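Please look through the sequence and the structure below, and then follow the paragraphs that come after them, which take the helices in turn.

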Amino acid sequence: MTQRERHGQAQERRRLGSSDEPVEDALAEEFENTVTEGANRLNRTWRALVITGLFGGIDVGLGLLAMLAVLDATGSKLLGGLAFGIGLYALRLAHSELFTEDFLVPINAIVAGHGTWWQLLRLWTATLITNLAGGWAFTWFVVAAFPRFDDELIEASTSYMEKGLTLETAALAVLAGFTITLVTRMNQGSKEGIATLANALISGLLVVGLGMLHGALSSAVIFGAMHAGAEATYLQWLIWFAWVIPLNMAGGLVMLTLPRLVRTWELVTEERASQRAATGGSVAD
């Protein structure tokens with residue numbers, strides 16, 4: 001090996017960090033964290049899935065209540081979205097589950113050999129249904145307790161559903177899925193409490209404050225408006241929901257999760273090889 005080659009290797013090692021992994025130390029640590037957490041989520045019992053999903057919907061409802069209070073006091077949608085982040089912060093601290101948070105973490109676990117696609121389908125289905133159920137129930141109490149917020153709820157709901165599927169609304173749904181998934185990745189990159197709070201507030205500001213369309217978050221607003229007497233029907237909501245969710249998934253999976261897997265593919269293959277050795281030549285498919 002020439003001196004120039006040795007010098008080039010030394011520079012590359014300084015760039016990546018102190019570990020022997022073929023990517024930066026921070027990425028290696030984040031990958032390990034997501035695989036571990038993803039495996040835990042995939043292996044939850046049905047009871048745990050239902051409870052964490054229900055409380056995910058309830059936490060979203062708490063964020064909705066904070067948003068309505070700020071909207072009523074200030075009339076600012078951006079400040080209302082920022083307040084909505086309180087619910088997302090509660091969701092994180094309580095270890096509840098939000099549907100779009102599962103677009104990155106458990107998939108990393110599966111491709112690394114720590115879970116199956118059936119487990120992912122089970123996680124997605126249970127979380128989505130229970131998020132909606134929890135949000136529907138909690139918003140009923142919000143409307144019953146604070147009828148003065150009815151006008152804000154109905155106005156917000158109308159802004160979500162009135163345009164139908166257009167290029168604009170499709171882009172808003174894609175961006176919502178991307179944003180929530182990105183914030184999930186950001187949370188994996190930091191264990192600091194202040195960073196978790198900042199990420200939650202950023203999510204609320206961008207997704208809710210800018211009127212993006214998110215299947216679980218926006219549905220809580222729509223359900224609240226229905227409880228408050230809005231003219232929207234559950235069939236209209238279901239049609240809206242049927243195109244928003246796939247676009248949320250496109251934003252989270254295609255725009256962020258797939259490129260992230262490509263970036264850390266060396267770690268994926270190493271982990272799969274480790275799993276094969278530990279299980280006698282087979283990994284979960």
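In this predicted model, helix α3 and helix α4 cross in a right-handed sense. Helix α3, made of residues 46–74, packs on α4 at an angle of about 155°, and the two axes lie 7 Å apart. Since angles over 145 degrees count as roughly antiparallel, α3 is therefore roughly antiparallel to α4. On the α3 side the contact includes Gly56, Val60, Gly63, Leu64, Met67, Val70, Leu71 and Thr74, and on the α4 side it includes Lys77, Gly80, Ala83, Phe84, Gly87, Ala90 and Leu91. Sorted by class, the residues of this contact are 13 nonpolar, six polar and two charged.

Helix α4, which covers residues 77–93, also meets helix α9, residues 193–208, with axes that come within 6 Å and cross at roughly 135°. How do α4 and α9 lie relative to each other? They are oblique, because an angle of that value falls outside the ranges for roughly parallel, roughly perpendicular and roughly antiparallel. The crossing of α4 and α9 is right-handed. Among the residues of α4 in this contact are Leu78, Leu82, Gly85, Leu88, Tyr89 and Arg92, while α9 contributes residues including Gly193, Leu197, Ala200, Leu201, Gly204, Leu205 and Val208. By class, 11 residues of the contact between α4 and α9 are nonpolar, six are polar and one is charged. In an α-helix there are 3.6 residues a turn, so residues three or four places apart point the same way.

A further helix to follow is α11, whose 30 residues run from 234 to 263. At 1.5 Å a residue it should span 44 Å, and because its end C-alpha atoms are 42 Å apart, the expected and modelled spans agree. Within α11 there is a kink of about 35° at Thr257, shortly before the proline Pro259.

Technical notes:
Residues numbered from 1 in each chain as written. Predicted model: local features only at pLDDT ≥ 70, side-chain atom pairs only at ≥ 80, totals over all residues. Heavy atoms only, no water. Helix = DSSP H or I, 4+ residues; strand = E, 2+ residues; numbered from the N terminus. Expected span 1.5 Å × (residues − 1). Bend = angle between axes of the 7 residues up to and from the residue. Axes fitted to C-alpha atoms, helices over the stretch in contact; angles between N-to-C directions. Parallel < 35°, antiparallel > 145°, perpendicular 65-115°, else oblique. Left-handed = near helix turned anticlockwise from the far one by under 90°. Contact = heavy atoms within 4.5 Å. Nonpolar A, V, L, I, M, F, W, Y, C, P; charged D, E, K, R; others polar.
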